[in-house]
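The exercises below are meant to be worked through with the sequence and the structure side by side. Try each task before reading its solution.

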Amino acid sequence: EQRVPEPEESDPDDLVDTTPQTPDVTDDETDSEPEVTCSVAGTTDDEEYGEVEEVEEPLPGIPADLQPPPTAGVPVTQSASHQPPQPLRKSDPNFVKRRKRKVKSLDTCLDPTNYTPTPDPEAKDAVRIHGVLQKKVIRKLKPSTPEIRITFSNVEGSASGRHAAHDIVENRPGVTFQHRLKKLHLECFGIFFTLDMVGQLTKNTNERITETMKSLSPEVLGSSKYPHVSVTDVTEMMAFLGLVYLRGLKQQSMVDLDHVYAPLYGIGAFTATMSRNRYTWILRHLCFEGAEKRKNRPTRWKNDRYAAIRVFFDNCQDNFAEAMIPEPYLTIDETQYPMKHNVAFRMYNKSKPNRYGMLFKALNAVEYPYVYQSHAYCCAPESTPTKHYVKGTKDIVLHLVDQVRQNGKEYSMKGCNITMDRLYTSVDLAKELLKRDITMAGTWQNNRIGFPAVLKAPTKEQETFSSGLWYQKDDDDTEMPAAKRNQLTLCHYVVKNKASTRKIVVVMSTTKIIKGVTQDDGKFKPALFKFYDYNKGGTDIFDQRVDKYTTKAMSKKWPHVTFYYLLDCIRVNSQTVHSLNNSKNVRKVESYGWGIALVEALIRPSVAIRPTKGLTASVKSKCYELTGEQRFRGEEPEGTNGQVLKPKTDTAGYCRTCLKSIYGENFTQKRRKLGKIKSCCQKCGMHQCLTHLVAKCADCR
């Protein structure tokens, strides 16, 4: 038996854990094929392959003083394959040090020291490229159109190194002044779903309920078998919203209500708040506009296909923009909310998790999940469109920005940066945002107007992961102020796609950029691309929180789908505002726990005033657990001095005192001779016969 020599002593800091190394064997030794074993340094054969005693773990849930005494350990044989790995020196070629990337967040992305600087070429090596904004058109009868080009150069020229005036943020971002002191869940919810909105929703729903009740017979309206057939109020409507949220938090939105209201495995808060028929009754008559507007809906629908919920939708958007001061870094992207209704504005996208859905263009924050404004795609109307119909990606972005600026009132968006994808990026949009003192950054598609032909495909001299910067020159746009001209910057980057073919990706920006590439990822990615990567996911972060506990339920009405989308947005925005007002990390606050606290605040007032007539004992116990009201445990007659008394029962039973007196031999025969009674003690609830029952009036009690 041959053994491997023990390793020399070394510094523990110079060692890392790895797999054991097999010893080298010469040709002479392989002929004899000896049996080779490995031994850990500092141990003997008995210690390495001997018997090892098991260590008993304490029993969970039992205090230490009540744990059973330890028993003798059971010998267990430990094989060589279970030995800890041998330490390995850093000088060994198999040792690989794990690198920590410097650029791993938005803050580190904006630090110039985390990049390798890439200086601009000298003036003698300057190269200019051109893109055509408007082609030359020669006409015979009408005046000809000249060619308009945009020029870029790889030399920046005389750069001051300071940020321009339009690239400096004026206002401090965060919650607006009038909402900073609201630190309760229900208060933050009321910022976006105000009491006026709840009252208007209740009024419109009651009008529709009244119309339905007029068509019912008097037998149904006057019968006690149908207690759910009645109008609602604001308190009950708030409780209804809480149940909608609770159904999403329990991920039961797509489950039938029979399972939600099941007595054994259902959600107890539903039965404690309202009956199943009452919940369905309110949901069926939920309406977002008055009776007069509903009569004129066919006419208004020709001008606005979102007329059924337009007023409610606009009120929510105004509250979104008014509650928060815009962050310095924003993003625009689309959200496809699941929907399969047969309407003209249903969208199909096979790359989305929900292929069919309702499309929303949203302006979101980057640092935390918050939506400032969203625009619903509602298809072109049949007749003259209203102001709500916006055509074209450029106009949609400007519409979202103008809505935030208008509803924000004294808080402007000066200095904010908006990141967008190739669907929105264009030269015209960049200039329009500059006029509003807003910068942008986004990938530029190579078939857009003004894209330089040189950057459409890489040349043989351009290596993979190579990049370059291009600065706008000779901008003669008279509509732009002189200080805002020549602000476009392009950055190209050569990459490989899935087919292992090379292509060029171009990012356009109007903000001051960092001239450098990454140091530690081996891809030499430009700083502008890292800036785009960390800013583009703002909408995705918001969508993740929406999809996790969505309120989207099965419905035959498309306005209900929009209502569920707005409820999800209100929940996420309320959680963000609540976390900021309470100085908590927005991304680390648990959505489920926060949502349960909001649900409890919404449904508790309605449960506290719910009549006990007709409720079963199990429902009363659930109501008591929610509210703590003593009336759900038993009736309290006048003059009881606050003492809680058990309700009288109609079930028969044996007298408790008589049963105690006959305990012993022949107990069964003696109990048969006792008769069952219905009288019981209102303090303990046990049955008592008239012989052992003492009657007292209210004054003596």
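**Exercise 1: A phenylalanine in a loop**

Phenylalanine 288 has a relative accessible area of 9%, and it is therefore buried, since buried means under 20%. Bear in mind throughout that this is a predicted model.

Task: Find where phenylalanine 288 is placed, and then list what it is in contact with beyond its neighbours within four places in sequence.

Solution. Begin with the chain itself: phenylalanine 288 sits in the loop between α10 and α11, the latter covering residues 291–295. Next, look for a partner that is distant in sequence, and you will come to leucine 201, which is 87 residues apart from phenylalanine 288 along the chain although their C-alpha atoms are separated by 5.9 Å. Finally, once the neighbours within four places are set aside, the contacts of phenylalanine 288 are Leu201, Asn204, Ala308, Ile309, Phe312, Pro559, His560 and Phe563.

**Exercise 2: The nonpolar cores**

Task: Determine how many residues the largest nonpolar core has and which helix gives the largest share of this core.

Solution. The largest nonpolar core has 109 residues, and those with the most contacts inside it are Phe193, Phe240, Tyr279, Tyr306 and Phe563. Its largest share, eleven residues, is supplied by helix α18, residues 558–581. Apart from this core lies another one of 15 residues, including Val103, Tyr493, Phe529 and Phe531. To see one member of the largest core in detail, take tyrosine 306, which, leaving aside neighbours within four places in sequence, is in contact with Phe313, Phe345, Met358, Phe360, Ala376, Cys378, Trp558 and Thr562.

**Exercise 3: Helix α18 and what follows**

Task: Decide whether α18 is largely enclosed or largely open, and explain why.

Solution. Start with the length: α18 has 24 residues and reaches 35 Å from its first C-alpha to its last, which is close to the 34 Å expected at 1.5 Å a residue. Then consider burial: because 23 of the 24 residues of α18 are buried, the helix is largely enclosed by the rest of the structure. Just after α18, serine 583 takes a positive phi of about 55°.

**Exercise 4: Two buried residues in helices**

Task: For asparagine 535 and serine 591, state which helix holds each residue and whether each is buried or exposed.

Solution. Asparagine 535 belongs to helix α16, residues 527–536, and its relative accessibility of 0% means that it counts as buried. Beyond four places in sequence, asparagine 535 is in contact with Leu106, Tyr329, Thr331, Val366, Asn417 and Thr419. Serine 591 is found in helix α19, residues 591–608, and with a relative accessible area of 12% it is buried as well. Not counting residues up to four places away, serine 591 touches Leu249, Arg545, Tyr549, Arg571 and Gln575.

**Exercise 5: The second largest pocket**

Task: Describe the volume of the second largest pocket and the residues that line it.

Solution. The volume of the second largest pocket is about 750 Å³. Of the 25 residues that line this pocket, Pro227, Ser275, Arg610, Pro611 and Leu615 lie nearest its centre. Sorted by class, the lining has eight nonpolar, eleven polar and six charged residues. The helices α7 (234–249), α9 (268–273) and α10 (276–284) each supply at least two residues of the lining.

Conventions:
Residues numbered from 1 in each chain as written. Predicted model: local features only at pLDDT ≥ 70, side-chain atom pairs only at ≥ 80, totals over all residues. Heavy atoms only, no water. Core = buried A, V, L, I, M, F, W, Y, C linked by side-chain atoms within 4.5 Å. Buried < 20%, exposed > 50% of the residue type's maximum accessible area, 1.4 Å probe, protein only. Helix = DSSP H or I, 4+ residues; strand = E, 2+ residues; numbered from the N terminus. Contact = heavy atoms within 4.5 Å. 1 Å grid on protein atoms, 1.4 Å probe; cavity = no way out; pocket = protein on both sides within 12 Å on 5 of 7 lines; lining within 4 Å. Points joined across faces, edges and corners; volume = space filled by probe spheres on them. Nonpolar A, V, L, I, M, F, W, Y, C, P; charged D, E, K, R; others polar. Expected span 1.5 Å × (residues − 1).
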